[in-house]
Amino acid sequence: MIWRQPVNLESLNNAPEYMGTFLNIQFTGVTGNTLTATMPVTQKVKQPYGILHGGASVVLAETVGSYASALVMDPAVSMAVGLEVNANHLKPVTSGAVKAVCSPLHLGRKTHVWDIRIYNEQEQLTCISRLTVAIIPKQPFE
């Protein structure tokens, strides 16, 4: 198990408002080395052609990966911030929901690299993303 402590999905889903809550991202599963979240495909996450906007997929990927980093480090002394994210959009999604499954590729002291795979409701791979997270000293941002 990679998590610093037991993961409480209810607690993750009751965070203060942020981009993920606006898009209705919900954490739905955890294993010893994966964190899963879902996002409904509604009008607010579609692009003008009626398919899931690539940027919304990236928000989902960065959300689940950033939370995963926060769960494997000491939040009393460190913060997880996105350093680089990329995505390959493989299959369009027009309705339903998508599911992101996040697993570690590298868990270092200063960086984490996550593999995030996004699936449609038919379990077809729709997007592959890689997120690099910087682990920095805890500090206020104002």
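Below, a biologist asks a modeller how the terms used for this predicted model are justified.

Biologist: What are the ground rules for the numbers?

Modeller: This is a predicted model, in which local features need pLDDT of at least 70 and side-chain atom pairs count only at pLDDT 80 or more, while totals for chains, interfaces and linings use all residues. Residues are numbered from 1 along each chain as its sequence is written, and side-chain values use heavy atoms, with hydrogens and water left out.

Biologist: How many helices and strands does the protein chain have, and in what order do they run?

Modeller: There are 3 helices and 6 strands. From the N terminus the order is α-α-β-β-α-β-β-β-β. Both kinds of element are DSSP runs numbered from the N terminus: helices are H or I with at least four residues, strands are E with at least two.

Biologist: What makes the radius of gyration of the protein chain agree with a compact globule?

Modeller: The rule for a globule is 2.2 Å times the number of residues to the power 0.38, and the radius is taken over C-alpha atoms. For 142 residues a compact globule would come near 14 Å, and the protein chain has 15 Å, so the two agree. Along the principal axes, the C-alpha atoms fill a box of roughly 45 × 30 × 30 Å.

Biologist: Why is the pair Arg130 and Glu84 called a salt bridge?

Modeller: A salt bridge is a side-chain nitrogen of Lys or Arg within 4 Å of a carboxyl oxygen of Asp or Glu. The N to O distance for Arg130 and Glu84 is 3.7 Å, so the pair meets that cut-off. Arg130 lies in strand β6 (residues 125-137) and Glu84 in strand β3 (residues 78-89), so the bridge ties together parts that are 46 residues apart in sequence. The whole structure holds 4 salt bridges.

Biologist: Are Arg130 and Glu84 buried or exposed?

Modeller: Neither word fits, because buried means under 20% relative accessible area, exposed means over 50%, and partly exposed is in between (1.4 Å probe, protein chains only). Arg130 has 36% and is partly exposed. Glu84, at 32%, is partly exposed too.

Biologist: How do you know that Lys99 and Glu123 form a salt bridge?

Modeller: Their closest N and O atoms are 3.0 Å apart, so the pair meets the salt-bridge cut-off. Lys99 is in strand β4 (residues 97-107) and Glu123 is in the loop between β5 (111-119) and β6, so this pair ties together parts 24 residues apart in sequence. Lys99 counts as partly exposed at 25%, and Glu123 does at 49%.

Biologist: What makes the phi of Glu123 worth noting?

Modeller: Most residues other than glycine have a negative phi. Glu123 is not a glycine, yet its phi is positive, about 65 degrees. Asn24 also has a positive phi, near 65 degrees. Asn24 sits in the loop between α2 (19-22) and β1 (26-30), and at 34% relative accessible area it is partly exposed.

Biologist: Why is Asp115 called buried, and what is Arg117 called?

Modeller: Asp115 has a relative accessible area of 13%, which puts it in the buried class. Arg117 has 31%, so it is partly exposed. Their side chains meet in a salt bridge, with N to O at 2.9 Å.

Biologist: What is Thr132 called, and which residues does Thr132 touch?

Modeller: Thr132, in strand β6, has 13% relative accessible area, so it is buried. A contact means heavy atoms within 4.5 Å. Leaving out residues up to four places away in sequence, Thr132 touches Val81, Gly82, Leu83, Glu84, His112 and Val113.

Biologist: What about Leu125 in strand β6?

Modeller: Leu125 has 27% relative accessible area, so it is partly exposed. With residues up to four places away not counted, Leu125 touches Leu90, Lys91, Arg117, Ile118 and Tyr119. Leu125 and Thr42 are 83 residues apart along the chain, and their C-alpha atoms are separated by 19 Å.

Biologist: What can be said of burial and contacts in the protein chain as a whole?

Modeller: Of its 142 residues, 37% count as buried. Among contacts with a separation of 6 or more, 60% join residues 24 or more positions apart.
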